[in-house]
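User: I've got a structure open and want to go through some labels on it. Can you take me through the reasoning behind them?

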There are 2 protein chains.
Amino acid sequence: LSDGRAIGEIGEHAFLERLCARFGFPADPSGPGRSVLLGVGDDCAIVDPARRPLALTTDALVEGVHFLPGWLSPAEIGVRAVMVSLSDLAAMGATPSYLLAAVVAPNRTPASHLDDLLDACKAASEAAGAALVGGNLTRGDRLSITVTAIGAVAGPWLARSGARPGDRLVVTGTLGGAGAAVACWLAGGEPAPALRDRFARPQARIDAGRTLAAAGAHAAIDLSDGLLADLGHLCAASGVGAHVERESLPRLAEVAALDAAGEDFAANGGEDYELLVALPESLRGRLEDLATDCGVALTEVGRCAPAAEGVHLIDASGRDRRPERRGFDHFAPDRGSDGLPERSIP
Amino acid sequence: LSDGRAIGEIGEHAFLERLCARFGFPADPSGPGRSVLLGVGDDCAIVDPARRPLALTTDALVEGVHFLPGWLSPAEIGVRAVMVSLSDLAAMGATPSYLLAAVVAPNRTPASHLDDLLDACKAASEAAGAALVGGNLTRGDRLSITVTAIGAVAGPWLARSGARPGDRLVVTGTLGGAGAAVACWLAGGEPAPALRDRFARPQARIDAGRTLAAAGAHAAIDLSDGLLADLGHLCAASGVGAHVERESLPRLAEVAALDAAGEDFAANGGEDYELLVALPESLRGRLEDLATDCGVALTEVGRCAPAAEGVHLIDASGRDRRPERRGFDHFAPDRGSDGLPERSIP
């Protein structure tokens, strides 16, 4: 099937037969598939998870909405789709167990692209400890991939609603890189490799979510819509306000070099798939040790306040610098006709 | 939000906020949501299923591929999307527990249509005993809905691969109604209500799958691609052949009235979401009692044979009447440009 033919020339069933053989069952009993009793190729997969609460999430990546043709390789689309859903598990402090991937693709799609996309899904899934146990393939005008992720919750989970006034707000990794990459693409350029990677290969912060949940974090959300928008969701769910220091937002050197625009990307850019976590004040002294266990930098960016104080982004002089834009909204009235959100271009 | 505005005018977050309030948590503790610890509105749902193997499946319904605009009401699209995935659970003998619904919709979609679609998803899900615990909403050119269903397996499950030579092949309900409805729509007509219902409101055969699995059925598959195509999948997975009697295929009066075309729809039409089950010969005498427990008619349509005999559709005179067409293949090379499979029009 690596002869350059399109999926429309090969046909769904011929493609799936070969895929099932490649993704075959039984899985390696020492790998992520050890609790999979029946894998891909039947009406359902059958799995046998341990007796624990499960975290369930589904998320879609649509060409023309979340990315434009030419930005990502098929493998990167697969990785990104998996990470977007795994990031939701991370935000709950859950451990990935199983994934399902539903792909819609145009007839003209080269079968080798779908092979690459699905192989990357499988590899990214397994690298996170989850077995890719099923999916669906159907034709459509635009490429899209909807990944459902199922994880196990060992102890307390991190809802959005647990933050309290006085909690410290901490983010993993760096912010704004993905937004800067998108802005660069939209301006007709090619983003610097470090920025491109932030968009093309996000890393779901599984270890961080798990570590911080076990340590006693109060609440978490993953940063898909942008820090301020997602902070707004967390604060609304928790019934708190927040003060975030604009200069404290961790940025890659490539984002910091954009000065004010870089700060805007960090505050609003979205698509970074880092975690925003509300920690009780008592954990503040342990941040460095926790970061080691999380496998990623933890940066304190602000604190929660009583709801009446509202949500504020404050600059170095203490002025409120909260921007107008509130992050990514697929159906926002101001959405441009190019199928992507309006963003400021650096 | 029932003011006629499109989803693009309202925005994703405003729509979802209202939806979450309506689909709110905590759920009725005596209903399908009793094991839901955290429902819609967070990064993940958290559920606490009993310690049993789980059946996992995901399936997509895409406008322009699985149905054309004008065929189905928004509520019917929701019901159908849920039933298509529940039917996969039924084919394993699993009991529905949880559903996730990922919707892609154009900006111009009236918000009230999405309300109707999602309300219908929730109602259909709960009627089958499953809690709708999460989902996703994103913009796209075409309406599509991808439903992930999670069910519990109490005893043995029904893989496709367990059929043996000599097994009796039994189908639930009637065949060909959905295919006849599609053909009628494609010919510019409006299908008779009984045919239309077969397409617009399929019934996942949950009780039948569970009953027949417990009774000792050997294998099952749900009939999405058409009897002959799905029989081919079951036979391939089981390593058997089969003889099916064309005249034995159960048909609604409206399908039977189409004579030979009606027989073609029953053999090839697809989309009926009935079950094809391989039963050991020993259960043959219990078919009537089993049908009562299944809540649906069971019709013996043929038997399994050694693989070397192949898969045959036989007419009353014993002649092989296996048609050329082998059911629905989304990417089949002969697919028409209208986005739907070529079908013979009665």
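Analyst: Sure, here is a walk through some aromatic rings and one cysteine, bearing in mind that this is a predicted model.

User: How many aromatic pairs are there over all chains?

Analyst: The count is six aromatic pairs over all chains. One of them joins Trp71(A) and Trp185(A).

User: What makes the pair of Trp71(A) and Trp185(A) stacked?

Analyst: The ring centres are 4.7 Å apart, and pairing needs them within 6.5 Å. The planes make an angle of 10°, while stacked means under 30 degrees, so the label fits. As for where the partners are, Trp71(A) is in the loop between β3 (54-62) and α3 (74-92), whereas Trp185(A) belongs to helix α5 (residues 177-186). They are 114 residues apart, and the pair links distant parts of chain A.

User: Why do Trp71(A) and Trp185(A) count as buried?

Analyst: Buried means under 20% relative accessible area. Trp71(A) comes in at 6% and Trp185(A) at 8%, so both go down as buried.

User: Trp185(A) also pairs with Phe199(A); how do you know which kind of pair that is?

Analyst: Check the angle again: there are 75° between the planes, with 5.5 Å centre to centre. Over 60 degrees is edge-to-face, so that's the name for Trp185(A) and Phe199(A). This pair links distant parts of the chain too, with Trp185(A) in helix α5 and Phe199(A) in helix α6 (residues 193-200), 14 residues apart. Phe199(A) has 0% relative accessibility, so it is buried by the under 20% rule. Put the ring pairs together and Trp71(A), Trp185(A) and Phe199(A) form a cluster.

User: What makes you say that Arg80(A) lies over the face of Phe199(A)?

Analyst: Arg80(A) is 3.9 Å from the ring centre of Phe199(A), and the cut-off there is within 6 Å. Direction counts as well: the charge has to be within 35 degrees of the ring normal. In chain B, the charged end of Arg80(B) sits over the ring of Phe199(B), at 3.9 Å from its centre.

User: Why is Cys304(B) called buried?

Analyst: Its relative accessibility is 1%, and the limit is under 20%, so Cys304(B) is buried. Cys304(B) is in strand β11 (residues 298-306) of chain B. Beyond its sequence neighbours within four places, Cys304(B) has contacts including Ala163(B), Pro165(B), Leu169(B), Val240(B) and Ala278(B).

Note on methods: Residues are numbered from 1 along each chain as its sequence is written. Chains are lettered from A and ligands numbered from 1 in the order in which they are written. This is a predicted model: local features need pLDDT of at least 70, side-chain atom pairs count only at pLDDT 80 or more; totals for chains, interfaces and linings use all residues. Side-chain values use heavy atoms; hydrogens and water are left out. Helices (H or I, at least four residues) and strands (E, at least two) are DSSP runs, numbered from the N terminus. Buried means under 20% relative accessible area, exposed over 50%, partly exposed in between (1.4 Å probe, protein chains only). Contact means heavy atoms within 4.5 Å.
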